[in-house]
Amino acid sequence: RRAPRDGVARTVRVDDLPLPIIGERFRLENRGDEMTIVRLADGAEVGRIRIEGTEGAVLIRSLCIDEPHRSYGAGSEAARLFNQACQAAKVPLVRTWAPRDLGLSVYFWIRMGYSPVPGEGPDGGIWFERRL
């Protein structure tokens with residue numbers, strides 16, 4: 001969210017995002033402290049996004065697609081929908097991270113428009129951010 005007039009940034013929560021948000025094949029729904037990724041064709045829940053609000057930004061703690069539903073574009077579309085929701089809520093910055101031993105995660109976040117940030121991330125991983 002934009003900083004209020006007193007100059008102090010607000011902490012962003014899932015409730016601050018305009019959910020549900022619907023894409024071509026999936027939608028994101030609010031489930032309290034996380035978002036559920038739902039396939040439009042049959043209503044199946046295929047994954048979730050867990051976030052943590054920080055002052056003036058959102059941290060994606062995890063974007064996880066359940067094993068049987070991987071490699072069908074759910075993660076990519078969910079990341080795009082999440083970015084759209086953050087833009088609509090005027091979130092200026094989204095941060096996330098990739099584990100140090102999962103190169104595919106690094107590739108995923110770069111492909112989604114996130115840039116690596118210097119410094120060690122959680123468990124020796126890599127920080128990423130995207131300004132919206």
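## A helix laid across a mixed sheet

Just past the end of helix α1, Lys 90 adopts a positive phi of about 65 degrees. That is a handy place to start a walk through this predicted model, with the helix itself as the next stop.

Helix α1 covers residues 74–88, and its 15 residues should span 21 Å at 1.5 Å a residue. The end C-alpha atoms are 21 Å apart, which agrees with that expectation. How many of the residues of α1 are buried? The count is 11 of the 15, so the helix is largely enclosed by the rest of the structure. Buried here means under 20% relative accessible area. Among the buried residues of α1 are Ala 74, Gly 75, Ser 76, Glu 77, Leu 81, Phe 82 and Cys 86.

Now to the sheet. Eight strands form an open sheet with mixed pairing, in the order β1-β2-β3-β4-β5-β6-β8-β7. Which strands stand at the edges? They are β1 (21–22) and β7 (115–120); each has a single partner strand, so one side of each is left without a neighbour in the sheet.

Three of the strand pairings are set out here:

| Strands | Sense | Bridges | A facing pair |
|---|---|---|---|
| β4 and β5 | antiparallel | eight bridges | Arg 48 and Cys 64 |
| β5 and β6 | parallel | three bridges | Leu 59 and Arg 95 |
| β6 and β8 | antiparallel | six bridges | Ala 98 and Ile 126 |

The hairpin of β4 and β5 has two residues between its strands, and Gly 56 in this hairpin takes a positive phi near 75 degrees. From β5 the chain passes through α1 to reach β6, making a β-α-β crossover that is right-handed.

How do the helices sit on the sheet? Helix α1 lies across β1, β2 (26–30), β3 (34–39), β4 (45–54), β5 (57–65), β6 and β8, and runs at about 55 degrees to β2. Helix α2, made of residues 103–111, also packs on the sheet, where it touches β5, β6 and β8. The direction of α2 makes about 160 degrees with that of β6.

Taken together, α1 links β5 to β6 along the chain, lies across strands that include both of them, and has most of its length enclosed, with 11 of its 15 residues buried. Strands β5 and β6 are themselves paired in the parallel sense, while β6 meets β8 (residues 126–131) in the antiparallel sense.

Definitions and conventions. Residues are numbered from 1 along each chain as its sequence is written. This is a predicted model: local features need pLDDT of at least 70, side-chain atom pairs count only at pLDDT 80 or more; totals for chains, interfaces and linings use all residues. Side-chain values use heavy atoms; hydrogens and water are left out. Helices (H or I, at least four residues) and strands (E, at least two) are DSSP runs, numbered from the N terminus. The expected span of a helix is 1.5 Å times one less than its number of residues. Buried means under 20% relative accessible area, exposed over 50%, partly exposed in between (1.4 Å probe, protein chains only). Two strands pair if DSSP finds at least two bridges between them. Contact means heavy atoms within 4.5 Å. Axes are lines fitted to C-alpha atoms, for helices over the stretch in contact, and angles run from 0 to 180 degrees between N-to-C directions. A crossover is right-handed if, with the strands pointing away from the viewer, the path from the first strand over the helix to the second runs clockwise.
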